[in-house]
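Work through the following exercises with the sequence and the model side by side, and try each task before reading its solution.

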Amino acid sequence: MNDKLEQIQAHLSMLESFLLNNKKTLTIEEACTYTGYTIGYMYKLTSTGQIPHYKRGKKVFFDIDELDTWMKKYKVEDVQEVARRMASKI
């Protein structure tokens with residue numbers, strides 16, 4: 001229980017840092033906190049070119065605006081949007 005609380009506090013501290021500093025470039029650890037993905041999955045996404053990222057030596061960085069765009073890339077339509085789209089085709 002104590003470990004979980006420490007993890008939550010660490011995530012909150014990192015998110016506060018994003019907000020207070022208007023940070024635009026994230027390390028892979030920060031990007032994991034921001035997206036909710038594990039570090040292993042983030043490395044998989046970078047190695048297969050599925051996520052926009054930058055490399056400086058062995059370090060991997062992410063632009064926060066590009067991450068937002070990437071995360072919003074595959075929007076799932078709600079029922080009302082589907083109905084509107086279908087109605088416009090008639």
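Two exercises follow, one on aromatic rings and one on a sheet with its helices.

The model is predicted, so that local features need pLDDT of at least 70 and side-chain atom pairs count only at pLDDT 80 or more, while totals for chains, interfaces and linings use all residues. Residues are numbered from 1 along each chain as its sequence is written, and side-chain values use heavy atoms, with hydrogens and water left out.

**Exercise 1.** Find the aromatic pairs in the whole structure, and classify the geometry of each (ring centres of Phe, Tyr and Trp, the last by its six-membered ring, within 6.5 Å; planes under 30 degrees apart are stacked, over 60 edge-to-face, the rest tilted).

*Solution.* Step one: the search of the whole structure yields two aromatic pairs. Tyrosine 37 and tyrosine 41 have ring centres 5.0 Å apart and planes at 65°, so this pair is edge-to-face. Step two: for tyrosine 37 and tryptophan 70 the centres are 6.2 Å apart and the planes at 75°, so this pair is also edge-to-face. The second pair links distant parts of the chain, since tyrosine 37 lies in the loop between helix 2 (28–35) and helix 3 (39–47), whereas tryptophan 70 belongs to helix 4 (residues 64–71), 33 residues apart; helices here are DSSP runs of H or I with at least four residues, strands are E runs of at least two, and both are numbered from the N terminus. Step three: the ring pairs link Tyr37, Tyr41 and Trp70 into a cluster. Step four: on accessibility (buried under 20% relative accessible area, exposed over 50%, partly exposed in between, with a 1.4 Å probe and protein chains only), tryptophan 70 is buried at 18%, while tyrosine 37 is partly exposed at 33% and tyrosine 41 is partly exposed at 37%.

**Exercise 2.** Which strands stand at the edges of the sheet, and which helices pack on it?

*Solution.* Step one: three strands form an open sheet in the order 1-3-2, with antiparallel pairing (two strands pair if DSSP finds at least two bridges between them). Step two: strand 1 (25–27) and strand 2 (54–56) stand at the edges, each with a single partner strand, so one side of each lacks a neighbour in the sheet. Step three: three bridges join strand 1 to strand 3 (residues 59–63), and threonine 25 stands opposite aspartate 63 in strand 3. Step four: helix 2 packs on the sheet, touching strand 1 and strand 3, and helix 4 also packs on the sheet, touching strand 1, strand 2 and strand 3 (contact means heavy atoms within 4.5 Å).

How values were computed
Axes fitted to C-alpha atoms, helices over the stretch in contact; angles between N-to-C directions.
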